[in-house]
Amino acid sequence: MVTHTYALPAPAPQDLRVERDAQGRWQMLHVLYGRCRCSQRILQHLLTRKALPGVAERIVLVGADPQLEQRARAAGFVIEAITPEELPRRYALNAVPALAVISPARVEYLGGYTERKQGPEIADLEIFERVRAGTRTDALPLFGCAVSEALRGRLDPLSLRAWLLGETR
């Protein structure tokens with residue numbers, strides 16, 4: 001519960017590990033976790049709205065889900081499935097859902113999608129348009145799930161969540 005009540009840590013935008021688009025387009029990177037309800041909600045929003053034309057939109061899905069991956073591709077997204085262990089190593093992220101807006105030059109935004117936990121308005125399109133227009137845009141808090149083992153250990157040192165859910169580590 002703590003992960004959905006308090007904002008989780010996000011690295012500074014310049015610390016996010018991401019490749020630039022080969023064609024020099026703006027990018028939106030959506031980092032989601034298949035087992036996180038907050039991420040599932042964001043994913044449904046993305047699948048409904050579909051990828052933006054002229055923007056390189058990519059979903060990094062922590063935890064493989066072939067059906068979701070197929071639906072994301074059909075909606076115009078590039079999708080990559082990775083393991084929870086890969087997330088901090090490959091992207092310098094420990095928690096999701098996370099949104100990055102990347103100009104041809106650098107990461108311009110790295111943060112959450114909503115102003116409060118499970119907020120009704122998913123602001124990805126508004127954030128993208130503001131950033132692309134050069135409007136100062138403070139990062140929204142990252143509410144969701146701790147993915148990395150290190151962050152989960154700090155938030156739940158006794159593994160009570162896993163015990164309550166009958167999960168094993």
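Q: How much accessible surface does the chain have, and what share of it belongs to carbon and sulfur atoms?
A: This is a predicted model, where local features need pLDDT of at least 70, side-chain atom pairs count only at pLDDT 80 or more, and totals for chains, interfaces and linings use all residues. Residues are numbered from 1 along each chain as its sequence is written, and side-chain values use heavy atoms, without hydrogens and water. Areas come from the Shrake-Rupley method with a 1.4 Å probe, and for residues only the protein chains shown count as cover. The accessible surface of the chain is about 9300 Å², and the share of carbon and sulfur atoms is 52%.

Q: What percentage of the 169 residues counts as buried?
A: Buried means under 20% relative accessible area, exposed over 50%, and partly exposed in between (1.4 Å probe, protein chains only). Of the 169 residues in the chain, the buried share is 48%.

Q: How many helices and strands are in the chain, and in what order do the elements run?
A: Elements are DSSP runs numbered from the N terminus: helices are H or I with at least four residues, strands are E with at least two. The chain has 7 helices and 7 strands. From the N terminus, the order is α-β-α-β-α-β-α-β-β-β-α-β-α-α.

Q: In what order do the 5 strands of the open sheet stand?
A: Two strands pair if DSSP finds at least two bridges between them. The pairing in this sheet is mixed. Strands E3 (78-82) and E6 (107-111) are the edges, each pairing on one side only. The twist averages 15° from one strand to the next. The order is E3-E2-E1-E5-E6.

Q: How many bridges join E1 to E2?
A: E1 covers residues 27-33 and E2 residues 56-62, and the two run parallel. Methionine 28 has glutamate 57 as its bridge partner in E2. Tyrosine 33 stands opposite valine 62 in E2. The number of bridges is 7.

Q: Which hand does the crossover from E1 to E2 have?
A: The hand is judged with the strands pointing away from the viewer: a clockwise path from the first strand over the helix to the second is right-handed. Here the chain passes from E1 through helix H2 (residues 37-49) to E2. This β-α-β crossover is right-handed.

Q: How many bridges join E2 to E3?
A: E2 and E3 run parallel. Arginine 58 stands opposite valine 78 in E3. With H3, these two strands make a right-handed β-α-β unit. The number of bridges is 5.

Q: Why is E2 largely enclosed by the rest of the structure?
A: In a regular strand the side chains alternate between the two faces of the sheet. Ala56, Arg58, Val60 and Val62 point one way from E2, while Glu57, Ile59 and Leu61 point the other way, and all are buried. E2 is largely enclosed because its buried residues number 7 of the 7.

Q: What angle does the direction of helix H5 make with that of E5?
A: Axes are lines fitted to C-alpha atoms, for helices over the stretch in contact, and angles run from 0 to 180 degrees between N-to-C directions. Contact means heavy atoms within 4.5 Å. H5 (residues 124-132) packs on the sheet and touches E1, E5 (98-102) and E6. Its angle with E5 is about 25°.

Q: Which element gives the largest share of the largest nonpolar core?
A: A nonpolar core is a set of buried Ala, Val, Leu, Ile, Met, Phe, Trp, Tyr and Cys residues joined through side-chain atoms within 4.5 Å. The largest has 27 residues, and Leu32, Ile59, Val101 and Ile127 have the most contacts inside it. E1, H2, E2, H3, E5 and H5 each give two or more residues. The largest share, 4 residues, comes from H2.

Q: Which residue does a cis peptide bond join to valine 96?
A: Omega of this bond is about 0°. The partner sits in the loop between strand E4 (95-96) and E5. It is proline 97.

Q: Is lysine 50 partly exposed or buried?
A: Lysine 50 lies in the loop between H2 and E2. Its phi is near 70°, a positive value in a residue other than glycine. The relative accessible area is 44%, so lysine 50 is partly exposed.
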